[in-house]
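Ready for a few exercises in reading a helical model? Work through each task before you look at its solution.

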Amino acid sequence: SNLGDYQQAIKDFGASISLEPDNDEAYFNLGLTLYRAGNLQEGFDALAEAMRLNFTLSEEYLNQAIADGFPDLEANLVRLEVAISLEPTNDEAYFDLGLVYHYLGDLQKSAASMQAGLDLSLSGEMARRANLVIAEHHFDSSRFEDALISVEKAISIAPNNPEAHAARGIALSNLGRYHSAVQAFEKTLSMDPEYQVDLANFGMSYFWLDRFSEALPVLDRAVTLDPQDAKSLAYRGVTHHELGRNDLAFYDLDRAVSIDPMHSEARYLRGLVNLSLNSLEAATQDLDEAILIDTTQPKYHIARGHILDASGKTLQAQQEYSVGINLLSPYDPIQPDAKLAELDAAILQNPQDAKGYENRADAYYQLGDYQLAIDDYSRAIPLDPSDSNLSISRGKAYHALGLYDRAIADFDIAVDAIKAYIYEGSPWVGESPKYFVLYFSRGLLHFNQNQ
């Protein structure tokens with residue numbers, strides 16, 4: 001093994017174990033050799049078996065192996081996995097295991113370990129940290145509603161923690177709740193003026209509130225700190241455009257696309273600038289490219305619909321709008337038929353949680369049980385009257401049943417709620433697909449009623 005002849009070493013250690021199945025030292029050296037040969041899972045299994053046979057002595061072996069160059073994180077992974085197998089209720093071991101997976105870059109396993117620790121009895125600082133690690137996994141998977149829930153739990157544990165409030169700002173900005181996002185970022189900086197908040201999302205939130213003079217210095221700082229950040233450049237570009245500086249706008253937007261040709265948001269924003277300047281051919285090219293990169297964004301299709309409308313292609317525009325509307329499905333699709341029992345249990349456990357009723361309503365909607373979906377959305381709305389998504393979803397369920405007047409009433413409620421934080425006359429209405437689509441959908445419903 002020390003000479004690098006790993007295959008022969010593996011055979012010899014295997015022969016030793018076959019002669020002496022309880023030889024922990026042979027298992028341990030077999031595990032190290034397998035790791036060094038690149039057989040990570042088999043190496044882990046052998047090291048874990050060594051620790052099961054002789055935990056204390058194997059720890060001494062591990063410490064020596066670390067000194068000899070064996071990776072410290074992998075060694076800790078072995079320690080913790082075995083510790084949990086010996087004591088399944090050890091919440092702190094799950095927490096430590098989550099940190100190791102986090103350092104190794106496996107966010108999914110990190111979040112699962114942290115959740116297991118929380119489900120046992122993690123509390124205090126460990127619970128705060130665990131919820132933020134779980135939120136990071138949700139951010140990485142673009143599950144921003146789930147990220148916000150985890151962040152809110154962290155804030156309830158440590159209300160004055162700037163890291164948690166900064167994460168809340170990121171979640172809110174990605175959910176389009178820009179006013180609340182700005183408040184979260186500002187609160188973070190009031191707690192710790194030196195805290196490095198996500199300047200791109202901070203500036204973006206100011207932008208979508210039409211607070212361009214406040215957005216620009218934030219985005220300037222973002223670009224100064226990271227001149228290769230396509231998102232910061234793209235949003236600084238559209239901010240320059242709003243302030244009448246089109247040469248600077250296209251300079252930043254072109255740089256953003258050049259730095260990251262697969263950054264669909266940068267192409268989308270440049271398309272909107274071209275659209276506002278009536279450069280329809282350039283706008284069409286940008287939106288086509290954005291949709292090729294990411295077909296799942298409703299706002300891209302809606303903006304493309306605007307361009308087609310401006311080009312006099314009404315029928316094609318309506319088709320593109322329809323694609324955008326269909327993409328506005330209930331958040332976080334689930335396997336509804338397999339999840340209903342689980343969703344029922346969640347509601348029984350916490351009958352005052354609007355999210356529980358919303359999740360079950362989404363499942364009913366996907367199953368085509370629109371009346372049951374309406375019933376659950378109706379239970380959720382009084383529990384969280386500020387969530388316009390509930391009215392949107394219930395309106396869609398009414399629409400599916402052909403109850404157009406009730407759908408219109410729900411869309412009216414949602415439009416009024418969204419207008420509270422989106423400027424109605426803004427040419428950037430495509431960024432908030434719900435805002436435009438609500439008007440468009442309401443128009444279709446009125447058309448169905450011959451109004």
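The exercises below go from the whole chain to single helices, a helix pair and one residue, all in a predicted model.

**Exercise 1. The chain as a whole**

Task: Find how many helices and strands the chain has, and what share of its residues count as buried.

Solution: Start with the secondary structure: there are 25 helices and zero strands. Next, take burial: 48% of the 451 residues count as buried. Finally, look at contacts between residues at least 6 apart in sequence; 50% of these join residues at least 24 apart.

**Exercise 2. Checking the length of α13**

Task: Compare the span of helix α13 (residues 212–225) with what 1.5 Å a residue predicts, and say which of its residues are buried.

Solution: Begin with the expected value, which is 20 Å for the 14 residues of α13. The end C-alpha atoms of α13 are 20 Å apart, so the two values agree. Now turn to burial: F212, A215, L216, V218, L219, A222 and V223 are the buried residues here. An α-helix has 3.6 residues a turn, so residues three or four places apart point the same way. Among the elements covering the buried residues of α13 are α12 (199–208) and α14 (230–242).

**Exercise 3. A mostly covered helix**

Task: Do the length check for helix α23 (residues 388–400), then ask how many of its 13 residues are buried.

Solution: From first C-alpha to last, α23 reaches 19 Å, close to the expected 18 Å. Eleven of the 13 residues are buried, and α23 is mostly covered. The buried residues of α23 include S388, N389, R394, G395, K396 and Y398.

**Exercise 4. Packing of α21 and α22**

Task: Describe how helix α21 (residues 354–367) packs with helix α22 (residues 370–383).

Solution: First take the geometry: the angle is about 165 degrees and the axes are 8 Å apart. An angle over 145 degrees counts as roughly antiparallel, so α21 is roughly antiparallel to α22. The crossing of the two is left-handed. Then list the contact residues: α21 brings A354, Y357, E358, R360, A361, D362, Y364 and Y365, while α22 brings Y370, L372, A373, D376, Y377, R379, A380 and L383. Sorted by class, this contact has eleven nonpolar, no polar and five charged residues.

**Exercise 5. One residue in α19**

Task: Decide whether I325 is buried or exposed.

Solution: Locate I325 in helix α19 (residues 314–327). Its relative accessibility is 18%, so I325 counts as buried, the cut-off being under 20%. Last, relate I325 to K299: they are 26 residues apart along the chain, and their C-alpha atoms are separated by 9.4 Å.

Conventions. Residues numbered from 1 in each chain as written. Predicted model: local features only at pLDDT ≥ 70, side-chain atom pairs only at ≥ 80, totals over all residues. Heavy atoms only, no water. Axes fitted to C-alpha atoms, helices over the stretch in contact; angles between N-to-C directions. Helix = DSSP H or I, 4+ residues; strand = E, 2+ residues; numbered from the N terminus. Parallel < 35°, antiparallel > 145°, perpendicular 65-115°, else oblique. Left-handed = near helix turned anticlockwise from the far one by under 90°. Contact = heavy atoms within 4.5 Å. Nonpolar A, V, L, I, M, F, W, Y, C, P; charged D, E, K, R; others polar. Buried < 20%, exposed > 50% of the residue type's maximum accessible area, 1.4 Å probe, protein only. Expected span 1.5 Å × (residues − 1).
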